[in-house]
Amino acid sequence: MRSVSRRMLLAAALVGGALTGAQAQDRTPVKLGAIEILTGPNSRYGIAIQRGFDLALADINKAGGVLGGRPLAIAYEDSAGAKEQALNAARKLIGRDKVPLILGPTLSNEMFAAGPVANERKVPIVGTSTTANGITAIGPYVFRTSLPESDVIPVTLRTAQQKFGIKRVAVMYGNDDAFTKSAYDVMKAALDKLGIETLTTETFGSKDSDFSAQLTKIKALNPDAIVLSALVEAASGVELQARQLGIDPKVFFIGGNGLNSPKLGDIAGAAADGTLVGSPWFVGKPDAANQAFVAAFKDKYGGDLPDQFAAQAYDTLHIVAKAIDAAGAPDSEKIKDALVKVKYSGVMGPFSFSDTRDPADTSGVVVLVMKGGKFQLLQ
Ligand code: 1QQ
């Protein structure tokens, strides 16, 4: 009898031990940081990104979260498009919240401020919309899932040349933002390479609202097209004013990533018709994964369609979740090492990082044209 009860006690102890083990299974959320533009003139970009993340977050948590059952969470910080604010947000997320990884920031201009801090503190930071040259050269903890302008703009300009026979263009760019300046450099190199003549190069500040001096000069030169590197607020203003000043609607705009937002059509309306942009994604991309994403997005956000910023963010959170699982712990160093090895197929198509932590596959660029205030695939 004694031995039986001892065995029973042993069994009870084992069960108890097993129960304690199950109870001790870690269910604490894995909280990431995100720095995005949630207020102010450029918030259309950041809110699209936030919506993409939040949709992916819901999917991931519905499927059991990360690391065998821990929910994933995101602490958002609003940068308002200001690089000092993005820098402070990075400091706060790393120092106070101790996040193992940061998503964002929205603008290259902000990444050049926040990226070095994350890199120095050895916290991976993943841009989903930063397209300027030199982003990942900040350091080994800096990643991006967005295609750099250097992979997109040459395709856009070559398409404009082949399809519309442009020979002479005017160039306009914002000269106080890292992305708009970098995209201008890429445009200039591509125009030279294609043998397209640049009649004039005009600059403006990102907060300007009067572009009449530059546009009046451009009108007199009678270009085939206007190549424009700007964020969407200024871009909409330029396009509206161009038509008000009587620049012929046949003289279409060719833009960089800043113009690839539905906000351009919302603000500029018919004045933006004919605008060409290169894009890594389009809403009508017919594969099942993308169409399911578009439907789920519309469902969650009251019928609104996703844009490329939302699609890119959606895939990025899945890529990051995969890296966290592969890392086996919410540890910055392990996540960094896992990220470089991730292979993922999402709504943008197949994805992995190149050895410079940029997208490895640069082949998926399509050219979109604005018609009736909406971008559609150029046929
Ligand atoms: C950059 C961009 C912007 C258009 C992102 C919103 O491409 O800053 O790099």
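## Loops, a ligand and a helix pair

Leu67 lies in the loop between α2 (43-62) and β2 (72-78); here helices (H or I, at least four residues) and strands (E, at least two) are DSSP runs, numbered from the N terminus. The model you are looking at is predicted, so to speak of local features a pLDDT of at least 70 is needed, side-chain atom pairs count only at pLDDT 80 or more, and totals for chains, interfaces and linings use all residues. Residues are numbered from 1 along each chain as its sequence is written, and side-chain values use heavy atoms, with hydrogens and water left out.

Back to the loops. Although Leu67 is not a glycine, its phi is positive, at about 55 degrees. Lys122 is another residue other than glycine with a positive phi, near 60 degrees, and Lys122 sits in the loop between α4 and β4 (125-127). In the loop between β3 (102-103) and α4 (108-120) you can find Pro105. A cis peptide bond joins Gly104 to Pro105, with omega at about -10 degrees.

Now for the ligand. It is surrounded by 13 residues, and the closest are Ser108, Ser129, Thr131, Phe179 and Asn257; a residue counts as near if one of its heavy atoms lies within 4 Å of the molecule. By class, this shell has 6 nonpolar, 7 polar and no charged residues. Nonpolar means Ala, Val, Leu, Ile, Met, Phe, Trp, Tyr, Cys and Pro, charged means Asp, Glu, Lys and Arg, and the others, Gly among them, are polar.

The table lists polar contacts of the ligand, meaning pairs of N or O atoms within 3.5 Å.

| Ligand atom | Protein partner | Distance |
|---|---|---|
| Oxygen | Ser129, polar backbone atom | 3.1 Å |
| Oxygen | Thr131, side-chain N or O atom | 2.8 Å |
| Oxygen | Asn257, side-chain N or O atom | 2.9 Å |

On its own, the ligand has 280 Å² of accessible area, and the protein covers 100% of it (Shrake-Rupley method, 1.4 Å probe).

Finally, look at two helices. Helix α11 (residues 308-327) and helix α12 (residues 332-339) pack at an angle of about 115 degrees, with their axes 8 Å apart. The axes are lines fitted to C-alpha atoms over the stretch in contact, and angles run from 0 to 180 degrees between N-to-C directions. Which residues of α11 and α12 meet? From α11 come Ile319, Val320, Ala323, Ile324, Ala326 and Ala327, and from α12 come Lys334, Ile335, Ala338 and Leu339, where contact means heavy atoms within 4.5 Å. By class, this contact has 9 nonpolar, no polar and 1 charged residues.

How values were computed
A polar contact is a pair of N or O atoms within 3.5 Å; within protein, one must be able to donate a hydrogen and the other to accept it, and residues adjacent in sequence count only if both atoms are side-chain atoms.
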